[in-house]
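Please find below a colleague's note for the bench, set out as numbered points. It is meant to be read alongside the sequence and the model.

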Amino acid sequence: MSDTRRRVKVYTLNEDRQWDDRGTGHVSSTYVEELKGMSLLVRAESDGSLLLESKINPNTAYQKQQDTLIVWSEAENYDLALSFQEKAGCDEIWEKICQVQGKDPSVEVTQDLIDESEEERFEEMPETSHLIDLPTCELNKLEEIADLVTSVLSSPIRREKLALALENEGYIKKLLQLFQACENLENTEGLHHLYEIIRGILFLNKATLFEVMFSDECIMDVVGCLEYDPALAQPKRHREFLTKTAKFKEVIPITDSELRQKIHQTYRVQYIQDIILPTPSVFEENFLSTLTSFIFFNKVEIVSMLQEDEKFLSEVFAQLTDEATDDDKRRELVNFFKEFCAFSQTLQPQNRDAFFKTLAKLGILPALEIVMGMDDLQVRSAATDIFSYLVEFSPSMVREFVMQEAQQSDDDILLINVVIEQMICDTDPELGGAVQLMGLLRTLIDPENMLATTNKTEKSEFLNFFYNHCMHVLTAPLLTNTSEDKCEKDNIVGSNKNNTICPGALRFMRRIIGLKDEFYNRYITKGNLFEPVINALLDNGTRYNLLNSAVIELFEFIRVEDIKSLTAHIVENFYKALESIEYVQTFKGLKTKYEQEKDRQNQKLNSVPSILRSNRFRRDAKALEEDEEMWFNEDEEEEGKVVVAPAEKSKPEDDFPDNYEKFMETKKGSLVGLVDYPDDEEEDEEEETSPRKRPRLGS
């Protein structure tokens, strides 16, 4: 037996009724002593760890679906599924399960899916204990059949019995033959009954019935039945849409017929679920869970089959980036990738990781760089959607690409600069594309999701790259709007000055100050960026206008928020120019804040012992090193003298802060730690080992 036969993926159903991938491994059936019975074991192919250990319970209902799936429930809210790579492996494990339960392997479900209370009620009703007898499949029986199908939906046991009867008698194909006859005869009443019948059969929620209904032979007739909703005045034309409007485009010919059939089937079933079937009522909300699973596993299979066909994907990328490819073809290629990425969202994290790594290896990012800059709006929109999938999956992968790219390309053609250009130049009045791109750009430059390892600090590397290569592109429109020739000239009668006002720049500065980030505050003070703001305020004179209010509000914000570094800078450098402004108390308030802070600092300094206020403890590191060297080079005759006066002799003990001892403790090993009182034993030991003698302080 080849190893691939037993290769499976393990899935569990989460609270949102979506299947979570628990990993890929190899399944076996064996007796487990702890569980006291035959069990299904799945060991991970990556490291051999145990992904699943499940006893084959004689009373558990196991279902076989689509030839490669086995699904069952181990608890009320814990559903499991094994998805086999090969049909042969599924059949082998299914036989083991049936053997334990004493069932014929030809069945698709090993037990009736009913709860105990339902079973007890029906045991009391002997008339329902036998299988449901279906009426003969004839035109004059359609109303009776519709009533039967509708009546069983409220009872789980009757749904199971009806599903079994429909399956055993090949009834669905007979019903679809009647549908063709009703259409030919224009029998509207019969068509309305068939709508109710087919809709009811879908709500039976049985995978074995879906496999018949969604086969190539039957699916279009099923869609046809669902066109004749009795509530509609005219039937819908779903088949016409699926066969004529919705054209299947093979951007690169798909040679695998199974893959092509799976793609067709998935699209049509998704259409049935999303478009044709009405939104389920609360009563019906769980009736289509198996339909959701059917679509989900189909998508997983499609993505896996395409991902493994590297020849196909390589050809798609080659044509996408080829300058000779015409616009229509390129549009189809981009839309294919958009849908491909959308399908990948059905995958779980580890599988999605492999999916995007495959795309990255094949060159998805350089390809996007080309198509995002194209004139075709539809191509750009689809490319943006693909880019959003990549950024949301792994911002770090995108950052790494653009930083490597910067070493080989000009700034103008860098991917992030292309994104910024598209954001700035969005022609949509609603700015839908610009808002989407802005969100992606924000994700890429957000330090909170940047990696930091011992060998690599993404935050510093990427932000340095961004400010060096991209910031000038992002700020270009702002600088253009606030350049001298674009600034608004405020010519006021009676004024001998032309005020050059740059409201864009003032708003920008206000936003920066609003961040209250000391890094930006230092940049503002270092660049003396308040000077043009204050000059604009003074030039504006006593006029009460928007400029005056905006500038006053900026300084008022600094006062109210007590931004100390900016307050000190403003008062120390500009207060003489501002003290004459008395129609608001903002600037006097800033001066008051400044003086209060200065007083606090002086009081704090005065409360520190004189030993800590001495100049040698306030110098820079180099000065400290020089002082220390001089100290150790003192003449021998200085030994025994007090180099620094003990604190208790220079200041009363009452002036010591309460936490002085704690402060000294934290300074061990620093320069303060040299001010100690070693005992004689330690000193003797030191004299033997040290080339120079340390002065004895306070001896």
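The points below take up the nonpolar cores, one helix and the cysteines of what is a predicted model.

1. The largest nonpolar core has 73 residues, and those with the most contacts inside it are Phe-337, Phe-387, Ile-416 and Phe-465. Domain 1 (4–101) and domain 2 (141–278) each supply at least three residues to this core.

2. Leaving aside residues up to four places away in sequence, Phe-387 touches Leu-365, Leu-368, Met-372, Val-398, Leu-415, Val-419, Leu-440 and Leu-444. There is also a second, separate core of 52 residues, whose members include Leu-166, Met-213, Ile-272 and Phe-294.

3. Helix H9, spanning residues 238–245, has His-238, Arg-239 and Leu-242 as its buried residues. Viewed down the axis of H9, these buried residues fall within an arc of 105°, so they line one face of the helix. The exposed residues Lys-244 and Thr-245 sit on the face of H9 that is turned away from its buried side, while the cover over the buried residues of H9 includes helix H5 (171–185), helix H8 (219–225) and helix H10 (257–276).

4. How many disulfides does the structure hold? The structure holds 0 disulfides, and for Cys-225 the reason is distance, because the closest cysteine sulfur, in Cys-182, is 8.7 Å from its own sulfur, too far for a bond, when a disulfide requires a pair of cysteine sulfur atoms within 2.5 Å.

5. As for exposure to the surroundings, Cys-225 is buried, with a relative accessible area of 1%, and Cys-470 likewise counts as buried, at 0% relative accessibility.

Conventions: Residues are numbered from 1 along each chain as its sequence is written. This is a predicted model: local features need pLDDT of at least 70, side-chain atom pairs count only at pLDDT 80 or more; totals for chains, interfaces and linings use all residues. Side-chain values use heavy atoms; hydrogens and water are left out. Buried means under 20% relative accessible area, exposed over 50%, partly exposed in between (1.4 Å probe, protein chains only). Helices (H or I, at least four residues) and strands (E, at least two) are DSSP runs, numbered from the N terminus. The arc is that of the directions from the helix axis to the C-beta atoms. Contact means heavy atoms within 4.5 Å. A nonpolar core is a set of buried Ala, Val, Leu, Ile, Met, Phe, Trp, Tyr and Cys residues joined through side-chain atoms within 4.5 Å. Domain bounds come from an automatic or database domain assignment.
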